[in-house]
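Hi there,

Here is the structure I promised to pass on. Please open it alongside this email, and then read on for what turned up.

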Amino acid sequence: MFDEEDLAEIRETREEWEGETLDPALDAHGERKDRFATVSNHEVDRVYTPEDVADLDYDEDLGMPGEPPYTRGVYPTMYRGRTWTMRQFAGFGTAEETNERFHYLTEQGQTGLSTAFDMPSLMGLDSDHPMSEGEIGKEGVAVDTLRDMEVLFDGIDVGEVSTSFTINPSAAVVYAMYVALADQQGVPREEIRGTLQNDMLKEFIAQKEWVIPPEPSLDVVTDTIEFAVEQTPKFYPVSVSGYHIREAGSTAAQEAAFTLADGFAYVEDCLERGLDIEEFAPLLSFFFNSHNSIFEEVAKFRASRRVWSRLMAEWYDAESDAARRLKFHTQTAGQSLTAQQPLNNVVRTTIQALAGVLGGTQSLHTNSYDEALALPSEDAVRVALRTQQIIAEESGAADIADPLGGSFAVEKLTDEMEAEIVEYVEEIRELGDGSVRDGVLEGIDQGYFHREIQEASYEYQQRVDRGEEVVVGVNEYRTEGEPDTEILKVDDAVAEKQLDRLARVKRERDDDAVEETLDALSSAIDEGENVMPYVIDAVKAYATMGEIMSVFETHYGKYSEKIGLA
């Protein structure tokens, strides 16, 4: 970027500035603290100059937007063409209540639906299971059968809307329900759009929601990818998620590295299945967290695109733009939200959302200010959505592709982030004797990921406790008294309604047809067939989520984490 003569002049200028301008200012006033670092405890310099990016090769390391290595964005026009998809997480109580929230959000200008499920649904349990008591509809919508999905999308054309489903152990069942719903509505399968989280490797690393063990879980994920390539090519069957890794306490670099490693693991499993990388890789999407250190987050997003593009080409011979582009959804950091002074969360979320936009996200969810207290209220959801709309329409941040590109600070942070990501991915690859997939599975078994995240989380909390990390309203700038915030409360009558509907479906369905489809699914697992067509048949017969997941559990057994890894 700069020749040696230019760099020598810059070095001389810096030295003069330090002696004549900086040192007197430090002697007179000092600085606020001895050390300045990001949320991930990555120390940042006082100022950056061309010396910090002297080795940067513009074509190899940056390029232009829409071209490899996609550091500057995956599309040439970025948000000048159209803005990111604005999604707000919605799901609580019954399918009817969530359907109302869906309609409300679309009326307010939301451009994509994002579905939250209650804990029983997330764990593949029916609402009438003893373990579901007290949890039905509490943290998301309850979905037991295709009938719930029909109500959930009543009045919504699934051929016209993009829908995200945040669910993992029972993701294949929800995907099957959505495909069955499209069939009911007469929407061609190849036209449905959306994203299934369906990232089971992340579950064993961080979020801890599972039913069957890691290896068969990976097989089911690959089944959904194979099915999507053939049947629903506009639907992303897996969203490789770093969000929950970061929420568990990882650093930004760990989040990116472990997420990309999971992505490479899915790539290797699909290749072993015999799938064509140019067909399935474009259907892999990603899901990142956006935290408070704005420049670190921008660097993380840019570095992740670069690493994915390079290693997909170098390790797996991906050639097309579509197979090498890393496209991702961003959610602002739930872990950063505070119950104290909850309106402060509006500011936190705005900063985090802006980082996602400056970093080139393809879709964005902004957390609501009251989420540290309860499920978001309608008012809080509207403010969260308006935050995105103001960034898109009023801030100017959407008008320039990669507006921080070329910043000495951001480019240096991107290089440092890339180096740390690659070091982690290589370490995981070594765990698997040259296979990232085997390395991820081995890392789960050994507790490698747990230890790395646990240490980072502990170190962060120590800094907060010592006052080195300021959390406004928590360890500094506190106020007395409880927050006066109206919160959403899910009526206990929700459980009764859901149980009534489930009982009615069971009474009215053809039990012989249900048993036949479940037996067929069991045989498909025995024969090593792709399970998705059989799961779709089962949901169309109104088999319940719990009945379908029990078939998998019978074959593979339950998974229990090794003692000492948590």
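Below are my notes, grouped by region.

Please keep in mind throughout that this is a predicted model.

**Strand 8 and its neighbours**

I would start with strand 8, residues 328-332. Five of its five residues are buried, so the strand is mostly covered, given that buried means under 20% relative accessible area. That cover extends to both faces: Phe-328, Thr-330 and Thr-332 are buried on one side, and His-329 and Gln-331 are buried on the other.

What does strand 8 pair with? Strand 7 (residues 284-290) runs parallel to strand 8 and is joined to it by five bridges. If you want a pair to click on, Phe-286 has Phe-328 in strand 8 as its bridge partner. Strand 9 (residues 363-365) also pairs with strand 8 in the parallel sense, through three bridges. For that pairing, look at Thr-330, whose bridge partner in strand 9 is Leu-364.

The connection from strand 8 to strand 9 deserves a look as well. Together with helix 14 (residues 344-358), these two strands make a β-α-β unit, and the unit is right-handed.

**Two helix pairs**

Helix 12 (residues 294-316) and helix 16 (residues 408-431) have axes that come within 8 Å and cross at roughly 50 degrees. How are these two helices oriented to each other? Angles from 35 to under 65 degrees are neither roughly parallel nor roughly perpendicular, so helix 12 and helix 16 are oblique. Their crossing is right-handed. From helix 12, the residues making the contact include Phe-295, Val-298, Ala-299, Arg-302, Arg-306 and Trp-315, while those from helix 16 include Val-410, Leu-413, Met-417, Ile-421, Val-425 and Arg-429.

The other pair is helix 20 (residues 511-527) with helix 22 (residues 545-556). Their axes are 10 Å apart, and the packing angle is about 35 degrees. This crossing, too, is right-handed. On the helix 20 side the contact is made by Val-514, Leu-518, Leu-521, Ser-522, Ile-525 and Asp-526, and on the helix 22 side by Glu-547, Ile-548, Val-551, Phe-552, His-555 and Tyr-556.

**The loop between helix 2 and strand 1**

Several of my notes fall in this loop, which separates helix 2 (58-62) from strand 1 (85-90) and holds Arg-72. Is Arg-72 buried or exposed? Its relative accessibility is 14%, which is under the 20% limit, so Arg-72 counts as buried. The C-alpha atom of Arg-72 is 5.3 Å from that of Asp-402, although the two residues are 330 residues apart along the chain. Leaving out residues up to four places away in sequence, Arg-72 touches Tyr-58, Leu-62, Gly-63, Met-64 and Pro-65, as well as Arg-302, Arg-305, Ala-401, Asp-402 and Gly-405. Arg-302 has already come up above, as one of the helix 12 residues in the contact with helix 16.

Pro-69 lies in this loop too. The peptide bond joining Pro-68 and Pro-69 is cis, with omega at about 5 degrees.

Met-78 also has its place in the loop between helix 2 and strand 1. Its phi is near 45 degrees, a positive value in a residue other than glycine. With a relative accessible area of 8%, Met-78 is buried.

For another positive phi, go to Asn-41, in the loop between helix 1 (4-29) and helix 2. Here phi is about 70 degrees, and again the residue is not a glycine. Asn-41 counts as partly exposed, at 26% relative accessibility.

**Two buried helix residues**

Lys-202 sits in helix 7 (residues 200-207). Its relative accessible area is 0%, so this lysine is buried. Which residues does Lys-202 contact, apart from neighbours within four places in sequence? They are Asn-168, Gln-197, Gln-207, Ser-241, His-244, Ile-245 and Asp-262.

Cys-270, in helix 10 (residues 252-273), is likewise buried, with a relative accessible area of 0%. Not counting residues up to four places away in sequence, Cys-270 touches Thr-222, Ile-225, Leu-275 and Phe-280. Ser-309 is 39 residues from Cys-270 in sequence, and their C-alpha atoms are 18 Å apart in space.

Happy browsing, and do write back with any questions.

Best wishes

Methods: Residues numbered from 1 in each chain as written. Predicted model: local features only at pLDDT ≥ 70, side-chain atom pairs only at ≥ 80, totals over all residues. Heavy atoms only, no water. Buried < 20%, exposed > 50% of the residue type's maximum accessible area, 1.4 Å probe, protein only. Helix = DSSP H or I, 4+ residues; strand = E, 2+ residues; numbered from the N terminus. Pairing = 2+ DSSP bridges. Right-handed = clockwise from strand over helix to strand, strands pointing away. Axes fitted to C-alpha atoms, helices over the stretch in contact; angles between N-to-C directions. Parallel < 35°, antiparallel > 145°, perpendicular 65-115°, else oblique. Left-handed = near helix turned anticlockwise from the far one by under 90°. Contact = heavy atoms within 4.5 Å.
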